[in-house]
Structures are given as structure tokens and as C-alpha cells.
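Work through the following exercises on aromatic pairs, nonpolar cores and a surface patch, and compare each step with the solution given.

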Amino acid sequence: MKVVLFCGGYGMRMRNGTASDVPKPMAMVGPRPLIWHVMRYYAHFGHTEFVLCLGYGAHHIKDFFLNYEETTSNDFVLRGGKPQLLSTDIADWTISFVNTGIESPIGERLRRVREHLDGDEMFLANYADVLTDAPLPEMIDRFVASDAGASMMVVPPQSSFHCVEMDEGGLVGSITAVSEMPLWENGGYFVLRQDVFDHIPENGDLVADGCAELAKRGRLLAYPYRGFWKPTDTVKERAALDEAYTRGERPWALWERERVA
């Protein structure tokens with residue numbers, strides 16, 4: 001299946017008070033940017049055709065792939081001053097770089113790359129800034145077996161805050177950690193059918209418009225996952241992933257397990 005990656009947003013929560021035109025998916029985790037880790041996840045399962053929805057800071061993403069250094073993440077032999085790769089990351093990838101606008105909502109970005117999906121009945125989509133070790137084949141199989149127009153991975157709330165229940169006089173009856181409440185959040189990993197385009201208006205949103213309308217019609221499927229899932233909405237979250245990578249704790253890097261085996 002083709003994989004649509006939304007990588008054109010501003011990512012303001014990643015700015016850390018500094019001016020920068022680097023889009024969030026280009027934030028580094030180890031020696032490679034977030035978007036690379038997400039793409040390697042999909043490629044691990046055989047999905048190597050990517051459509052990048054570009055916008056803000058698009059040149060950073062283009063430059064990264066146009067000047068890709070295979071030796072950064074692959075073993076090689078230096079012979080006669082020239083590297084001979086022992087393995088490769090992206091040699092079998094096909095990547096379409098599509099300008100989808102600076103201010104476009106996610107749904108509009110998806111609409112603008114529809115022609116690059118070649119009419120495929122089903123395709124994958126992702127925000128390009130969330131890492132997981134979820135079993136993608138199982139997620140896809142459940143969707144294929146259903147009549148749903150869209151499937152989204154959902155995860156338990158990640159907030160460290162607490163919810164307070166109180167009466168009209170302000171007397172607290174209970175305090176519950178958000179993470180312990182029977183709630184689920186959008187995990188950012190989608191499997192979609194072409195039907196979703198019927199429910200996304202011009203300048204619309206994938207979730208608030210497309211998925212919400214499919215839910216009303218009983219055609220939105222959830223894939224609950226309680227395993228490893230980490231967002232990078234803030235500098236702190238990205239730094240935590242980078243530190244984990246340095247320690248060798250990278251459960252999302254399923255391709256590395258295969259290499260060790």
C-alpha cells in the first residue's frame with residue numbers, strides 16, 4: 001500500500017522559543033529525523049511507496065532525501081576511498097514530494113495528493129511525528145476484513161494530569177489520573193479507503209470531517225493499542241526519544257531486531 005505522510009505543518013510546540021523553519025518531522029532522533037523513523041517502520045512491513053504532503057519548511061525534507069547519506073545508518077567497506085554499502089535504507093523506496101500548501105489542514109493536504117494514489121482502493125496515512133511498534137499487518141488485516149471507510153489506531157491518554165470530580169459547592173469527590181480513565185486518543189496511524197474523500201470538504205480535516213462523518217455512518221474502525229506509542233508534540237517529548245535512542249532503547253526500530261536476528 002502507498003503511505004501518505006503529512007509533513008507540512010508548523011510544529012509550533014517544537015520551537016522551544018527559537019525561530020526555525022525546520023518542520024517537526026525533521027526533528028532529530030539519533031542520527032536521523034523523525035520522518036525517517038516513521039518511513040522505516042512502514043518499509044519494514046513492505047510498504048515502500050511514500051507520498052509526502054509538503055508545506056512549511058519543505059526544502060529541509062527535500063534536501064535530506066536528495067543528499068541522503070546511506071553510510072550514516074548502514075555498515076560499509078571503504079575500498080579505494082569509496083564506500084561499498086553492506087546494506088541500504090532507501091534504495092527500494094519510491095517517494096513523491098508534493099506541495100500541499102503552507103496553511104492547508106490535514107484533510108486538504110490529503111485531497112491534494114489524491115491523484116498520486118493511482119486510484120488504489122486502500123492506502124495508509126500518518127502524521128510523520130509519532131513512533132510505535134504496533135503490528136501494522138494486523139491493523140491492516142482487521143480493516144480489510146471490515147466494511148469501514150477508515151481505521152485509526154487509538155491509544156490510552158498520555159496526559160500526566162488528573163481529572164477532578166466535584167459537586168456544585170466545589171467539594172471534591174474523587175481524583176482520577178487521565179491515563180486511568182476509560183478514554184482513547186487518536187494515535188495517528190490510519191488505514192483508509194477512497195470513500196474517505198467523499199466526506200472531506202475543501203479545506204476540511206481528516207479526523208474532524210472525514211472520520212467523524214464515517215463514524216456517524218458506522219464506518220469508522222478503531223484499532224486499540226496499549227503497546228509502545230510515543231508522540232513528539234513538544235521539545236521534551238522529542239528529547240526523551242533522542243535520549244532513549246542513545247541508550248539503545250528503541251522499541252519502534254523493528255528493522256533493527258531483524259538485523260540482529
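**Aromatic rings**

Y41, Y42, F45 and Y189 form one aromatic cluster. The model is a predicted one, in which local features need pLDDT of at least 70 and side-chain atom pairs count only at pLDDT 80 or more, while totals for chains, interfaces and linings use all residues. Residues are numbered from 1 along each chain as its sequence is written, and side-chain values use heavy atoms, without hydrogens and water.

**Exercise 1.** Determine how the rings of F65 and Y68 are arranged.

*Solution.* Rings of Phe, Tyr and Trp (its six-membered ring) pair if their centres lie within 6.5 Å, and planes under 30 degrees apart count as stacked, over 60 as edge-to-face and the rest as tilted. The structure holds 14 aromatic pairs. For F65 and Y68 the centres are 6.4 Å apart and the planes lie at 5 degrees, so this pair is stacked. Both F65 and Y68 are buried (under 20% relative accessible area; exposed means over 50%, partly exposed in between, with a 1.4 Å probe and protein chains only).

**Exercise 2.** Place F65 in the largest nonpolar core.

*Solution.* A nonpolar core is a set of buried Ala, Val, Leu, Ile, Met, Phe, Trp, Tyr and Cys residues joined through side-chain atoms within 4.5 Å. The largest has 50 residues, of which L5, Y42, L52, F65, M153 and W252 touch the most other members. Leaving aside neighbours within four places in sequence, F65 is in contact (heavy atoms within 4.5 Å) with M39, L52, I90, W93, I95 and F97. A second, separate core of 21 residues includes F123, A150, F190 and C211.
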